[in-house]
Amino acid sequence: MNVRNAFLGIDVGSISTKAVIIDEGNAILAQEYIWTEGNPIGAVKKLLGLLEKQFDREAWQIVGIGATGSARRLVGSIVGATVVKNEITAHAVGTTTFHPEVRTILEIGGQDSKIILVENGIAVDYAMNTLCAAGTGAFLSSQARRLGIEVEEMGQYALQSSHPTMIAARCTVFAESDLVHKIQMGHPREDIIAGVCRAVASNYINNVGKGKKISSPVVFQGGVSKNVGVVRAFEDLLGCPVIVDDNGHLMGAMGAAILSKRSLKRTLFDFSVKNMDFVTRERNCGGCSNNCEVICVYRDGSLIDFWGNRCERGAAIR
Amino acid sequence: MKQERKAALPRYGEYNCALKYLVEQGFETKCILPPPLSKRTEDLGARNSPDLVCTPFKTTLGSMIEALEAGADTIIMVLGACRLNYFGELQEQILRDLGYTFDFINLSIYNTGKKRDILRALKGINPRCSMVKAGKALYEAVQMVEHLDDITSLYYQNCGFDPTGTYPKIYRQFIADMYAAQNLAEIREGYRNASRAFAEVTLQKPQDPIRIGIIGDYYTVMDPFSNLEVEQKLADMGVEVHRLMNITNDMLRNSEKNKQAKIREFSEYSMGASSTSDIWQAQNFAERGFDGLIQVKSACCMPETDIMPVLANLSRDYKIPVLYLTYDTQSSDVGLMTRLEAFYDMVEMRKKVAH
């Protein structure tokens, strides 16, 4: 039987870990979405186990692997990625492949948020939150916990509100104290939740989207795009429809897989990685007063990769 | 009056070679070089500074502490066109509160615009010095600054295309030569050697390389430690990195008035400090068809924050993407790499499509 080529894309974010396997025509053969839970190595191993079950290894072989997300470097060396790309490029590539007409990509993840402006299918400008993590998924999660609901339910609650509570959106710390104040004043829960969703959207537009021209069609993705309350808030604020792809949470992984397909590097991927033992160790170089933290990655006891050193002195430490 | 004064200036990019030259040759005063900036410098500075002050304040304060630890008994602080004018006064007070004993020569006290007052301030370094000698050393130090800026800009424009890996060695040797130079002949020789060595390297540069222009505040953009070596990182990706912001371009050539006139379309009035220069430089890069602009600024830098809307207009009119980078005392460059890589990818894809 003819074995056909497939490509694996892994996106390890601060909160969730995503992976897809696609064929040459970008059709999804397997996909999975799990929580990172502060353990990127464990999450990737678990993810690979789950993907393996969905995947027909008789008919397909994985020849390209792309890694992205904030743990891309670590995960890239563990799975032997052929392409390691930052999440901004991966998202831009993934989204423009499935929505070639898109002009603006809004992305809100667990810890960061970004905006990508697109013209004729290529990214022409982008911005990412810098010193402030306001208006991200982590804020929504912590407020859901405060209100005693699951973060996944927030959107439905928000839609029931007809008078969203005004919540100061400039800064998460102040938003939170404002929120507590409004709770203690007796505002109904759905109004509060709708207010939180609105605060996230307006914070995003005022900070990340500052000075950027947001043109339609707008695609919204990242974990927070699953919250219909925030989607509604964006539609109200922008005055245009906001597209949320069913696979929006997978776009980074899709982008990574597509980039590995475009790259000429080929390697045969083996699922046995999930049974190997990986250890990372942080060593302080101490060669000078910079005292660089050198991260060393060991597979079954032998060093496979290290980084973090600013000069050659750090390379000797291992 | 003490005979053996040991003066020091905080670290400022590689300009300390010229400052040292001026103090030693012109004022015949021993100049202590504080250790190169490190995480420790920044920690020392940040711990003893107000939290919301701009990062160069913290870095220079840390460097002053390290200079005092290294045996300096006199600190010289420069003047500037923004809050920098108040740096010296506050830093002196902080250092005194920490219990250090030292002389402090704050040039900004004499920031009256009168040349006579500046001379009087400088005379504080060594009252018995000859002003003729100081004038000569100043001229030679200025030459050194011009050579340093020239070699530095050549380095970052080309080192990304050097297949032999000799560029960094030449550059390091040149910097060492400048620190060691004792007279004008040695300065010129170091410069000639570096220029010649650069010219001997055969570069592998594409016909139309990616060119990125860097702008930013006086300190952060010129100090590789403070900007987490943003220029080197870009060059390593294969980018021709251009930076007009240096002492030669900003203080020795190009008058503020002319720059302000040239940017009237975008900004009618000066917003202080580096603002006019930055807008002018950004416009210059955009007019020359650069592929991208990067603004490198310290957190809480007011002039740089003020020009962001102007840069947004410029970006729209010239269709040039701008990446805004804000630095505080962060030591990890992971976030910076993500943004730079993404910026590079974007610029590269744009360029491909344009052709």
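Trainee: Let me start with one residue. Is Lys319(B) buried or exposed?

Mentor: Lys319(B) is exposed. The general idea is to count neighbours: 12 or fewer other C-beta atoms within 10 Å make a residue exposed. Lys319(B) has 11 of them, and that is why it gets this label. Do keep in mind that we are reading a predicted model.

Trainee: Where does Lys319(B) sit in chain B?

Mentor: Lys319(B) lies in the loop that links H14 to strand E8 (322–327) of chain B. Its backbone deserves a look too. Most residues other than glycine have a negative phi. Lys319(B), which is not a glycine, has a positive phi of about 55°.

Trainee: Which phi does Cys300(B) have, positive or negative?

Mentor: Positive, at about 70°, and Cys300(B) is not a glycine either. You will find Cys300(B) in the loop between strand E7 (292–298) and helix H13 (302–306) of chain B. Cys300(B) counts as partly exposed because it has 17 C-beta neighbours inside 10 Å.

Trainee: And how should I read a peptide bond? Which form, cis or trans, joins Ser216(A) to Pro217(A)?

Mentor: As a general guide, most peptide bonds are trans. The bond from Ser216(A) to Pro217(A) is cis, and its omega is near -5°. Pro217(A) belongs to the loop between helix H7 (189–207) and strand E9 (218–221) of chain A.

Trainee: Now a helix. What span should helix H1 (residues 16–27) of chain B have?

Mentor: Allow 1.5 Å a residue, and the twelve residues of this helix should span 16 Å. The end C-alpha atoms are 15 Å apart, which agrees with that expectation. Just after H1(B) comes Glu28(B), with a positive phi of about 50°.

Trainee: How many of the twelve residues of H1(B) are buried?

Mentor: Eleven, so the helix is largely enclosed by the rest of the structure. Here the same neighbour count applies, with 20 or more as the cut-off for buried. Among the buried residues are Cys17(B), Leu19(B), Tyr21(B), Val23(B) and Phe27(B), and the list also includes Asn16(B), Lys20(B) and Gln25(B).

Trainee: What covers the buried residues of H1(B)?

Mentor: The cover includes two strands of chain B, E1 (6–8) and E2 (30–32), together with helix H6 (131–158) and helix H7 (167–180) of that chain.

Trainee: Let's step back to the whole chain. How many helices and strands does chain B have?

Mentor: Chain B has 15 helices and eight strands. Its radius of gyration is 21 Å, close to the 20 Å that the globule rule gives for 355 residues, so chain B is as compact as a globular protein of that length. Buried residues account for 45% of the chain. Look also at contacts between residues at least 6 apart in sequence: in chain B, 73% of these join residues at least 24 apart.

Trainee: How many residues of chain B are in contact with chain A?

Mentor: 18 residues of chain B are in contact with 16 residues of chain A. Helix H2 (39–47), helix H14 (308–318) and helix H15 (334–354) of chain B each provide at least two residues of that side. H15(B) gives the largest share, nine residues. By type, the chain B side has eight nonpolar, three polar and seven charged residues.

Trainee: What confidence does the model carry?

Mentor: Where pLDDT is low, predicted coordinates should not be read in detail. Chain B has a mean pLDDT of 90, and 98% of its residues reach 70 or more. The model scores ipTM 0.76 and pTM 0.85.

Key. Residues are numbered from 1 along each chain as its sequence is written. Chains are lettered from A and ligands numbered from 1 in the order in which they are written. This is a predicted model: local features need pLDDT of at least 70, side-chain atom pairs count only at pLDDT 80 or more; totals for chains, interfaces and linings use all residues. Helices (H or I, at least four residues) and strands (E, at least two) are DSSP runs, numbered from the N terminus. The expected span of a helix is 1.5 Å times one less than its number of residues. Two residues are in contact if their C-beta atoms, placed from the backbone, lie within 7 Å. The radius of gyration is taken over C-alpha atoms; the globule rule is 2.2 Å times the number of residues to the power 0.38. pLDDT is the predictor's confidence in each residue, from 0 to 100. Ala, Val, Leu, Ile, Met, Phe, Trp, Tyr, Cys and Pro count as nonpolar, Asp, Glu, Lys and Arg as charged, and the others, Gly among them, as polar.
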